[in-house]
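Reader: Please take me closely through one part of this model, the packing in its interior. Then place that part beside its surroundings. Short sentences suit me.

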Amino acid sequence: MEKIKVIIDGCEVLCDDGESILNVARANNIFIPAICYLSCCSPTLACKMCMVEADGKRVYACNAKVKDGMNVVVHTEEIELERKAIMQAYDVNHPLQCGVCDKSGECELQNYTHYVGVNTQEYALKDDYKEFNSWGATVYDPNLCIVCERCVTVCKDKIGKSYIKTIKRDGDMPSKEYKDTMPKDAFGVWTKFKKSLIGPSGLGDCGDCGECSSVCPVGALSIAHFQYTSNAWELKKIPSSCTHCANGCAITYEVKQSKIGGKEKKVYRVSSDWNFSTLCPAGRLAFETNNQNVQKNVVAFNATIAAFKEAQSIRFLGNISNEEAMILQSLKEKHGYKLVCDEVWDFKEFIHNFSLVCGNFGSATEEDIVSSSFVMCFGGAMSYDMPVITHSINNALKQNKGAMLAYFHTMSDCVANSFVKATNLIEGIYKPQSEEAFVLLLASVLIPQDKWIDSLKAEIAKYEITIKKETEKEVVNKIKVPILDENGKEVLDESGEVKFEEKDEVVKHKEIIDVKSSKLLEYCSDSMLEAFEVLKVSMQKAKNPVLVVGFDVYGTKNSSNIAKILGLIEEYSEVKIMLLPPTTNAIGISLLCSLDRTSEGYSIGYNTTGSYTIGTHSANLLMPYLNEQEGTFVNVNKRVVPFSPATPYYGYELNDIAKMLGTNLEHTIDYTQILPTYKGFKEIMYDDLKYGFLNNGKEIRGYLLELCISKSDIEIDSVTLEPLEEFNLYVRNPVAHFSKQTLRSSLIKSKNGLQLSATLATKLNLAQDDRVVVSFMDSSSIETKVIIDNGMEGEYVALGNCEFDMYSIIGNFRYAKVDIKVAK
């Protein structure tokens, strides 16, 4: 798109036609005051502080769009007086409790009051009582609220919950005398926020993400655990990346001593750059678990070295850093260990087969999702597996006019489906184990026919059938009808005869026609035909279509062929694909480690089972959590992101063991700059990696992988429609949980257990917190408690692998047939 020129505050800048004045100004480091606006969200025009003159006309910069040649004046005497009056109105009766307010020191009301030069108060109004409230992890003090509506906006436009809204209240209003003496906008702002408060909308459940408190410009909304515990200026801000899942959200740990005296540190809260980054409950709340009290146990360390010398295999989970992955690979090359990571093995194989076709690991990023008018999801429980990805999906659907969501899975996702109206939703429920047939159907729709390779064409043709379909056909007939006057009476001609006029009469006829279809549709689901017909139409008008692929496909039957077919979609269609990594650093491990399928002999278990264990909890040698280390990992956007320790750690690390076994780098982060460039990494020292975003929202944290993968001429395998098994259990973690670390959080309300809908619980005669025994077909069983999940529908129950070793029972396939009985 060709750039246009505009002048803002005397500076000539280039920008895209149709952008808001405020966003253009911010992107070019030109300051326009604004309290109510959130980037990438709908403007509310609540505060009016962003008023400017555009070509001599008063407009609001958050809402007004730039035009070529436009001249925007940010400061005039009239505008400055108006802004000052607005801040005076906000300050009327605002409690003078800055010394104890959680927001003091970073309060936008304080900042803007000083910015516009408020040093006197010209307005007054009788104060009244406003009752405190709370929801989820957030507490609300309405006496501090200026009703800017940022909390409402972020909940609707980013999180997708719409759990809170502005609520009308009855209270004293500003005197009408002020209407004649105050600037117009100032009086309007004052009146509006005095007649409203914030409260639950009555729609759905609060997601406990705390995002509403994150965006609050004053102290009205606060995370409950943080309220009145610290002043903002006392906290050391440590930029980092969330290590709970592969989204790797940009976060900041806010830390100080846990008590007077002593060296123990405490994370008081986790914050984020709320204009450009959201967090899920785990990112914001699961931070208090750490091993900073662990000391170096020489006896245990020596025993560990002896165990490593005896071991033939090292087993580990997918939440290690790139640097640790490289250490393990170095140990394998030096000592011949087998490296086994059950969580990552299937994903590594999948992206290998995928990349042979298209030369990448999926080109879509969250930025692509946000700019898309058509987002498709397939093969995963997106709102559970990677919640922040669904924030991006919701943001796209809210901000892009007419945007569509196509959601294909074995069960409904009530959260994702609520993002759009029913008219903009395509939902297809397919059967487990039919994923290969389903993705072949997707390819037949998403890839233009003239780009079908021979084997794809043959497989699609193999299952083509002709079916009968009832359709309505409109037939237009010409008919003559009497002409009527304005009173409804027939008009006569000169001879007294009724005058007639010719009109079109549309008659609908039902007829049966032959249409092309596929046996694959019936194989996947009895109700998939209509969804795919709408999918075909939607693709024709889609802009920047994105397909998000979930964890299910990596461990299902014929996953290698699914990878190839998806690779064809990435290579030959307009659709960009995002493959969601199943663990924090699944991509980095796949690139850096030569994994083995199974272990042999005596094994070391790093945060998992083994003959001898090292790890964060209940191990022979205790190790640091990932958020107590320095290092990097590769996130879902194929970005190498750094993370920092939230609290100090004084025990042994993996590199201490490696040095005793013959490696020669002193510190773990010495590996950062020697990560292999031929795998897409860069020769950058850890301390030179940056954090943060530019004012235009561009992320500068870490760097993007520069993958260079050679493509091959790949033909897909034959697709066979084998009999499908029946299942009733789905393996996925509950909302906000990813590991035993998140389960140990005292601040996250959701818990693991046998999750099911209220309807299914009633059908099975189960109640919340009932103890049940879940028995698998191999005679193994798990005892857990019942969790009623209001986000679930249908006949499936779910069980989280963050607590149980599901791999040893069913592998990486996410479905099972189980028997459920109440525990005795």
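Author: Contact here means heavy atoms within 4.5 Å. The model is a predicted one.

Start with leucine 566. Neighbours within four places in sequence are set aside. Leucine 566 then touches Phe350, Phe354 and Val439. It is also in contact with Leu547, Val549 and Ile577.

Now widen the view. The largest nonpolar core has 150 residues. Leu566 is among those with the most contacts inside this core. The others named with it are Phe316, Phe408, Leu442, Leu456 and Ile614. One helix gives the most to the core: α16, residues 435–446. Its share is nine residues.

There is also a second core, separate from that one. This second core holds 77 residues. Cys41, Cys62, Tyr163 and Cys212 are included in it.

Next, the sheet. It is open and built from five strands. Their order is β2-β1-β5-β3-β4, with mixed pairing. At the edges lie β2 (11–15) and β4 (57–60), each paired on one side only. From one strand to the next, the twist averages 35°.

Look inside the sheet at β3 and β5. Strand β3 covers residues 51–54, and β5 covers residues 71–73. The two run antiparallel and are joined by two bridges. Across this pair, alanine 54 stands opposite valine 72 of β5.

A helix packs on this sheet: α2, residues 77–91. Helix α2 touches β3, β4 and β5. The direction of α2 makes about 160° with that of β3.

Technical notes. Residues numbered from 1 in each chain as written. Predicted model: local features only at pLDDT ≥ 70, side-chain atom pairs only at ≥ 80, totals over all residues. Heavy atoms only, no water. Core = buried A, V, L, I, M, F, W, Y, C linked by side-chain atoms within 4.5 Å. Buried < 20%, exposed > 50% of the residue type's maximum accessible area, 1.4 Å probe, protein only. Helix = DSSP H or I, 4+ residues; strand = E, 2+ residues; numbered from the N terminus. Pairing = 2+ DSSP bridges. Axes fitted to C-alpha atoms, helices over the stretch in contact; angles between N-to-C directions.
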